[in-house]
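Please open the structure in your viewer and keep the selection tool at hand. The tour proceeds by selecting one group of elements at a time.

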Amino acid sequence: MSASSAIITTIAVLSHDETYNRRNFMCGQSIDSLTVKFRSKLTIICIVEADIFHILFVFLFFLASFGFSSEVKAENFTFTQAVEDAWSIDPDRNELTTNYHSASRRAVAARSWFAGGPTVSGQYFDDHAIGSNEGYTTYQGGVSVPFWLPGQGSATVGVARAEALTIQERLHVARMAVAMRVLDTSANVVMAQRRLAIARIQKDTLEKIRASVIHGKHIGEMTLADQQIIASEIANAANEYSQSEEQVETATSALRILLGRPAVPDILSFDNVALAHHGLFSAEALENNDPRVRAARQAVHTAEAGVHLAKTSFMPNPEVGVAAVHEKQYGSPWDDRVGVTVSIPLPSDVRNVPMEADARNKLAAAISQEQQARRNVRQELAQVFSHLTATKDMFRNSVLSAENMNRRANEMNRSWQVGETSLVELLRARSAASSALQLRNQAEVAWHAAIIRTLIAAGEFQ
């Protein structure tokens, strides 16, 4: 089978000597140095720098064959820039920003001297409607303003300010959600691009195998069954390539819409060094600093301010004003009068009890939501750190698996060249090596994504 010596070139490229394998294994051990311990009170991440240059050597070949656009490379588009771009066009940001400004204006308006706008009243009386011709007429008008009850003005300002702060915290929550969407979408794009690169190489390699099989059949060294097997494998590889192209287009389109421009952030640059930059992480500190917990806690403060406002609004606001009367009556010794008017509505349980009950209900709901938010964040942090540990182990194991499957495929290739192995066994080995490389891709992207997710939890991109 001398005609088969040129096949499986890609597999041959991926093979290295034992020195490289040992260095790659040591790299897997260096990844082990990333230790994550999550406890109920304290989470400590002990980190040392991991040199993954040799681990990524394999992927340089695939990425070069895929051909990333030079524009994206020239930009050096960072994940921080991607979050900024996505946040600048996020629909929720515009809505929450408007709500924040509205609450701030309400706080300024609540500093008014009076509890509401002035009330203007006017009255007119005459005796013509009852048939009298004496010409009795009365013109009366007045203006009054409502006054704050004791403590009601400052309580109203406090509620408005608390609402503004709550919306501000909700802005941080929305930004955190944007960062996680950017992370997930970017990871999907990188994984889709690598899947397409592997599918392209797989298809090209099988085409070379088919050429060798056809040549071998012509000289009597291959059978028609071998030609049919390789044709089936090429059809499957073509399907995988088409599906990979669709996945790349779908993921890229989603990221383009999210960012507002065609670019892919560099998420693979986040490694142990990025985590080490943040030092030690306390689980309690991360929980208290989480935007969702801060927003829920601020909502409790807003509800407490509402309860205080309900207590200070124990009655409708009294009104004080001035009034003037002009009369035209037969024989009247005067025709003009000026006076002061006072209107004091009395307290009523019909009004006060529902208002105070509604305020207390809102406070109880806010406290319950804060407790639930803390539980959710606490559980999510445990998952984040556990996932970081798991992806580290999966990355290390997938590196070893991909190397071993690649060496096996190379050995099967040499065995097939000398006629010791059938074409079916070679194709199985080639498929297994490709699948192992796919899993290694997934593990690497998941590891970098887990690091970024940990940094998001630490408030890095707020």
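The stops below visit a sheet, a pair of helices and a pocket. Please keep in mind throughout that this is a predicted model.

**First stop: the sheet**

Select strands S3, S4, S5 and S6. These four strands form an open sheet in the order S3-S4-S5-S6, with antiparallel pairing. Which strands lie at the edges? They are S3 (119–126) and S6, each of which pairs on one side only. From one strand to the next, the twist averages 15 degrees.

Now restrict the selection to S4 (residues 137–146) and S5 (residues 319–328). The two strands run antiparallel and are joined by 10 bridges. Two positions allow you to follow this pairing. Pro 146 stands opposite Glu 319 in S5, and Gln 140 stands opposite Val 325 in S5.

Next, keep S5 and add S6 (residues 336–343). Here eight bridges join the antiparallel strands. To find one pair, select Val 322, whose bridge partner in S6 is Val 340. While side chains are displayed, a general rule is useful: in a regular strand they alternate between the two faces of the sheet.

**Second stop: two packed helices**

Hide the sheet and select helix H11 (residues 291–312) together with helix H12 (residues 349–417). Two quantities are of interest here, since packed helices are described by the angle between their axes and the distance between the axes. For H11 and H12, the angle is about 170 degrees and the axes are 8 Å apart. Why are the two helices called roughly antiparallel? Angles over 145 degrees count as roughly antiparallel, and H11 and H12 are therefore described in this way. The crossing of H11 past H12 is left-handed. Colouring by residue class shows 14 nonpolar, two polar and 10 charged residues in the contact of H11 with H12.

**Third stop: a pocket**

Keep H11 and H12 visible and add helix H7 (152–218). Each of these three helices supplies at least two residues of the lining of the second largest pocket. The volume of this pocket is about 280 Å³.

Which residues should be selected to locate the centre of the second largest pocket? Of its 13 lining residues, the closest to the centre are Glu 163, Thr 302, Ala 303, Gly 306 and Lys 362. H11 contributes the largest share of the lining, with six residues. By class, the lining of the second largest pocket consists of seven nonpolar, three polar and three charged residues.

Key:
Residues numbered from 1 in each chain as written. Predicted model: local features only at pLDDT ≥ 70, side-chain atom pairs only at ≥ 80, totals over all residues. Heavy atoms only, no water. Axes fitted to C-alpha atoms, helices over the stretch in contact; angles between N-to-C directions. Parallel < 35°, antiparallel > 145°, perpendicular 65-115°, else oblique. Left-handed = near helix turned anticlockwise from the far one by under 90°. Nonpolar A, V, L, I, M, F, W, Y, C, P; charged D, E, K, R; others polar. Pairing = 2+ DSSP bridges. 1 Å grid on protein atoms, 1.4 Å probe; cavity = no way out; pocket = protein on both sides within 12 Å on 5 of 7 lines; lining within 4 Å. Points joined across faces, edges and corners; volume = space filled by probe spheres on them.
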